[in-house]
Every structure is written in structure tokens, then in C-alpha cells.
Amino acid sequence: MSRAVLLFLIIVSLNGFSSQDEKGQELKVEVLGKLEDGTLFDNSLIREPLVVELGRKQVIPGLEQGLLDMCVGEKRKLTVPPNLGYGRRGFPPSIPGDSVLLFETELVTLVKSTYWKKLMDNMIPIACFLLVPGLLCLIGYYLYLKANVPKISKRKFKEEKKSKAKNK
């Protein structure tokens, strides 16, 4: 099966094409997920809307493809084939293997990513990757220096302090 098997119907577009989503944006979507026999396996209407950032692989590929280019307020019915869903293994116990999934979606809100948000999302993991080994090296170096400092007994320290005081 190819990606062309992913079918969607645009049912209603309440706000026209004023704001469309694209990769990297955060979407809040109401989702109603069913199997072909009508068994309900997901319903965001009874909880908070599903929050998805496009391009991050947070949902199955078929659902993410179906959410692309949606407008705020738009409703779609998506038919997701098994190869773009959960595949042969399914998602037991609610979704058996090789299941065609039916979704009814509505885009509630769309949060556009700013330049700084994109930059931070990409830079923070790299910075952490570099900072952690650097900090560990600094701690190790500090402990090494501290271990190699000659230790002076308290009595000898007091004697040196007295001799310095007499010389002044």
C-alpha cells in the first residue's frame, strides 16, 4: 500500500484558509479514533485536545500526514491504512494487528513556532550533549588537584602563622 491510500475528506472549513499548519508547528486537535467495525479506541472529546508538534513523530505517520495543511476549525475524516498506522503488531488490547483506522479530527488551535523556539528546540539537546562531559571533566580535574595538594598538619599551620606574625 502506498501513501496515496491515505484518504481524507474535508467536511467543514469554519475559518477558511486564514492559517494553515506546517511542519514544526504545534497543533491542538480534537480526535475521535475508531476501528472499521466502529469500536472506539481514542476520544479526545472527553479529555484535553491532543497536542501534536508536526515533524516530531509524536503520532502515527498516517495521522500526522492527515493533519498537514489543515486550517483552524477545519474538520477531516481520515482513513489510515495499517502500514501508516500500527502495522501487523497493532496496539493491544485496543487495536488489533493490520487494522484500518478511522479518525475524525478537528483542528482547534494552531501555535506558530517562532525563530527562537525552533532554535532552542534544536540547540538545547546539543548544548546538553556538550556541557555534561565538559562539566564531568572539570569536576574530575578539580578533584585531581585537590587530591594532589600536600596536606599541612594543624600544628605546622599554626607555627607558620605565628612565624609570619613575628616577621611583620
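This passage describes the nonpolar core, the strand pairing, the cysteines and the unusual backbone angles of a predicted model.

The largest nonpolar core holds 21 residues. Those with the most contacts inside this core are Leu-27, Leu-63, Leu-67, Val-80, Leu-101 and Phe-103. Four elements give two or more residues to the core: strand 2 (26-35), helix 1 (61-67), strand 5 (75-80) and strand 6 (101-111). In soluble globular proteins, nonpolar side chains tend to be buried together.

Strand 5 shows two faces. The covered face carries Arg-76, Leu-78 and Val-80, whereas Lys-75, Lys-77 and Thr-79 make up the uncovered face. Such a pattern can be read against a general rule: in a regular strand the side chains alternate between the two faces of the sheet. Val-80, on the covered face, is also among the residues with the most contacts inside the core. Strand 5 pairs with strand 6 in the antiparallel sense, over six bridges. Within this pairing, Arg-76 has Thr-105 of strand 6 as its bridge partner.

A second antiparallel pairing joins strand 2 to strand 3 (residues 40-43), over three bridges. Here Leu-32 stands opposite Asn-43 of strand 3. The two strands form a hairpin with four residues between them. In this hairpin, Gly-38 takes a positive phi near 95°.

Most residues other than glycine have a negative phi, and most peptide bonds are trans. Lys-57 has a positive phi near 55° although it is not a glycine. This lysine is found in the loop between strand 4 (50-53) and helix 1. Because its relative accessible area is 74%, Lys-57 is classed as exposed, the cut-off for that class being over 50%. Asp-98, likewise a residue other than glycine, has a positive phi near 55°. Asp-98 lies in the loop between strand 5 and strand 6. The loop between these strands also contains Pro-93. A cis peptide bond joins Pro-92 and Pro-93, with omega at about 0°.

A search of the whole structure for disulfides finds zero. Two cysteines may be described by their accessibility. Cys-71 has a relative accessibility of 0% and therefore counts as buried, since buried means under 20%. Cys-137 has a relative accessibility of 57%, so this residue counts as exposed.

Methods
Residues numbered from 1 in each chain as written. Predicted model: local features only at pLDDT ≥ 70, side-chain atom pairs only at ≥ 80, totals over all residues. Heavy atoms only, no water. Core = buried A, V, L, I, M, F, W, Y, C linked by side-chain atoms within 4.5 Å. Buried < 20%, exposed > 50% of the residue type's maximum accessible area, 1.4 Å probe, protein only. Pairing = 2+ DSSP bridges. Disulfide = S-S within 2.5 Å.
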